[in-house]
Amino acid sequence: PHWAWQALYAAGLLLLTYLLIYLRKLRHRRLPDPSVPAPDDGAAPSNNGHRWRRIGHFDRPAYCGVSGGAAMLEGAVCQHCGLCVSDSELSVAVRAVPCKPVALIPSSSSPSSDADIEGTPHHWVEGNLPAYSMCCVCRDACGEAGRLCDLRCAWCQRCVHPDCAQLTANGAPSTRESGEANKINNADASQRRQLPRLCDFGRYADAVVPPHCVQLSKPTRRRQPSLLSMVRAPRLPAVWRPLIVLANRHSGGGEGDQVLQRFRAVLNPAQVLDLSEVPPKVALGWCRLLPKGVTARLLVCGGDGTVGWVLSAIEELGLSPPPPLAIFPLGTGNDLSRVLGWGPGSSADDLDSVDALLSNLANASVDRLDRWLVSVKPSRSMLLSRSKRLTMSNYFSLGVDALVALNFDSARRSLPALTGSRMINKLWYFGYGTRDLWERACRNLHRRLTVILDGRTLNLPELEGLVVLNIASWGSGCRPWGSSASPTVSDDSSSAKMSNPASSAAQPDAQLHFRPQSHGDGRFELMGLHSSFHMAQLQMGLAPAIRLGQGSNLQIVLRSGSVPVQVDGEPWLQGPCTFTVAHRGQAAVLRCATDKSQGL
């Protein structure tokens with residue numbers, strides 16, 4: 001019988017869930033997680049500053065930094081300093097090997113104190129050097145002996161032979177009995193004739209917040225993480241623009257976690273913040289701690305939703321001047337990233353070396369992005385509905401476009417495991433768009449709408465969707481408006497006729513001339529969609545958009561029924577109401593000098 005098959009299916013699903021939970025617990029039982037919970041808690045005594053990441057199988061030969069010996073198959077690596085240890089030596093590493101420090105200014109020093117620390121010493125880590133490493137003194141190859149050998153600074157990433165540094169042990173403490181790393185960390189500075197004792201942070205100097213410029217406050221309660229209390233400007237470099245990295249470790253199907261790890265290895269770990277642990281308003285406290293005249297740069301790793309979240313936090317905090325924001329795109333559409341030249345999509349594999357990205361950030365120019373206030377006021381008949389106020393950076397839409405986003409959002413909430421890949425997400429969008437070809441759930445939408453653009457009422461052609469564009473990219477890279485200001489013939493298939501509200505008489509057909517589209521001119525673009533099939537044609541460049549007009553103030557009245565709505569990817573189903581779009585302000589963003597938007 002049918003109910004028996006349903007019961008069997010439910011039992012199989014429960015068994016599979018139990019098996020997955022058991023395997024996950026078994027995996028975590030092998031090695032307890034000693035990670036520091038707070039990214040700025042570099043002085044956590046329980047871990048000596050380390051933040052460990054388990055490695056089930058090293059993809060290249062790795063040697064334990066405590067005991068040396070043969071290559072390991074599995075173990076743990078510190079995300080901050082790169083120290084590799086075996087499972088059996090983890091407790092020894094936590095006790096005996098300090099990680100690179102987050103802060104060097106004593107917590108007892110007052111902010112007004114003139115006491116200054118000379119600088120940050122190199123933090124040498126022995127062995128496990130990157131492939132094709134070269135000694136910064138003799139220019140010969142490093143780390144090719146097939147064992148734990150040679151040294152790498154966890155700050156400037158320079159590599160060196162112990163002999164080239166011309167150092168002696170002098171009874172220095174060691175990870176192992178003959179560990180070169182701790183000998184160099186503690187050897188007398190006079191014996192380092194060819195290598196300075198203090199680190200200059202190399203090619204990352206303008207982006208790193210040096211530990212000798214950071215002070216942490218003492219926690220007031222037990223197990224409370226330390227907090228940043230003061231940041232000073234370093235003497236060098238002359239132009240210092242610290243980089244604050246914000247990412248959600250769950251973004252991009254787990255790509256966000258790998259991105260965080262790559263930046264923790266080259267920057268001060270306190271500069272790299274996980275938005276799943278620290279909300280943007282707290283993370284942006286960095287901007288208030290920096291000295292006057294120093295403006296941080298933000299790198300947001302995520303999709304358009306994460307970028308909008310951070311931009312809203314900047315507005316709410318009233319930061320002046322606002323820190324400019326760059327994007328490392330990990331979302332599905334990444335339309336804002338495409339417009340600003342940061343590319344259609346990235347992954348952690350693109351950060352094998354962060355040099356290229358940091359170089360692009362150094363050469364990026366500051367641009368302005370309009371921000372729009374979208375107000376939703378329900379009609380009097382909808383007494384139980386509440387008004388909404390949202391901020392738009394990319395686009396706002398009603399109808400068939402928002403319906404696809406609403407269906408995908410429902411699928412993502414019910415089946416999160418099946419929406420973790422960018423390609424799979426696009427297949428979901430394609431499937432829902434194709435289904436609407438037959439259902440046509442938003443047919444005759446134009447009959448239920450009254451649209452007033454800059455005081456003029458539009459006579460709408462037959463539509464199933466209405467889109468307000470702030471940026472040139474829409475729907476994962478499509479440019480529906482076009483890049484020129486060429487005239488559009490005003491007919492039922494390509495544009496709308498305008499009428500004077502006082503006379504309600506439609507103007508005769510004429511050519512409508514539009515300005516070049518820009519995301520910083522204080523104007524938006526309004527376009528219409530015939531159907532889901534029209535959306536597909538736009539994506540493939542086989543049909544023009546229905547260009548309705550440009551303006552800075554918009555009112556849309558939904559007289560009856562419910563319609564799907566989305567603002568920057570946040571969809572919902574809306575009943576009769578009045579939508580109002582008005583200019584809210586501008587945000588500072590960084591435009592990549594090397595345009596990577598060819599994915600359009």
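Asp454 is partly exposed in this predicted model, its relative accessible area being 38%. Its phi is positive, about 50°, although Asp454 is not a glycine. The residue sits in the loop between β18 (449–453) and β19 (456–459). Most residues other than glycine have a negative phi, and most peptide bonds are trans.

Asp568 also has a positive phi, near 50°, and is a residue other than glycine. Its place is the loop between β27 (563–567) and β28 (570–574). Is Asp568 buried or exposed? With a relative accessible area of 19%, Asp568 is buried, because the cut-off for buried is under 20%.

Two cis peptide bonds can be described alongside these residues. One joins Leu236 and Pro237, and the other runs from Ser320 to Pro321. The table lists the backbone features with their angles.

| Feature | Angle | Loop |
|---|---|---|
| Asp454, positive phi | about 50° | between β18 and β19 |
| Asp568, positive phi | near 50° | between β27 and β28 |
| Leu236 to Pro237, cis peptide bond | omega about 0° | Pro237 between β10 (227–231) and β11 (243–247) |
| Ser320 to Pro321, cis peptide bond | omega near -5° | Pro321 between α7 and β14 (325–329) |

Asp568 and helix α7 come together again at a cavity. The structure holds two cavities of 30 Å³ or more, and the second largest encloses about 30 Å³ of space. Which residues line the second largest cavity? They are Asp304, Val307, Gly308, Leu311, Leu336, Ser393, Asn394 and Asp568. Helix α7 (residues 304–317) gives the most to this lining, with four residues. By class, the lining comprises three nonpolar, three polar and two charged residues. Asp568, one of the lining residues, is thus described both by its positive phi and by its place at this cavity.

The nonpolar interior comes next. In soluble globular proteins, nonpolar side chains tend to be buried together. Here the largest nonpolar core has 81 residues. Those with the most contacts inside this core are Leu243, Phe263, Leu267, Trp286, Leu299, Trp342 and Leu361. Apart from it lies another core, of 30 residues, including Leu390, Met392, Val451 and Leu558.

What is Leu243 in contact with, leaving aside its neighbours within four places in sequence? Its partners are Ala207, Phe263, Leu267, Gln271, Arg297, Leu298, Leu299, Leu358 and Leu361.

Several strands lie towards the start of the numbering, with residues from 52 to 85 among them. Strands of a sheet pair through backbone hydrogen bonds, either parallel or antiparallel. An open sheet is formed by three strands in the order β1-β4-β5, with antiparallel pairing. At the edges stand β1 (52–55) and β5 (84–85), each with a single partner strand, so one side of each is left without a neighbour in the sheet. Strand β4 (residues 75–78) pairs with β5 in the antiparallel sense over two bridges, and Ala76 has Val85 in β5 as its bridge partner.

Strands β2 (residues 62–64) and β3 (residues 68–72) also pair in the antiparallel sense, over two bridges. Together β2 and β3 form a hairpin, with three residues between them. Within this pairing, Cys64 stands opposite Gly68 in β3.

Conventions:
Residues are numbered from 1 along each chain as its sequence is written. This is a predicted model: local features need pLDDT of at least 70, side-chain atom pairs count only at pLDDT 80 or more; totals for chains, interfaces and linings use all residues. Side-chain values use heavy atoms; hydrogens and water are left out. A nonpolar core is a set of buried Ala, Val, Leu, Ile, Met, Phe, Trp, Tyr and Cys residues joined through side-chain atoms within 4.5 Å. Buried means under 20% relative accessible area, exposed over 50%, partly exposed in between (1.4 Å probe, protein chains only). Contact means heavy atoms within 4.5 Å. On a 1 Å grid over the protein atoms alone, a cavity is a set of points where a 1.4 Å probe fits but cannot get out, and a pocket is an open set with protein on both sides within 12 Å along at least five of seven lines; lining residues have an atom within 4 Å of a point. Grid points are joined across faces, edges and corners, and a volume is the space filled by probe spheres set on the points. Ala, Val, Leu, Ile, Met, Phe, Trp, Tyr, Cys and Pro count as nonpolar, Asp, Glu, Lys and Arg as charged, and the others, Gly among them, as polar. Two strands pair if DSSP finds at least two bridges between them.
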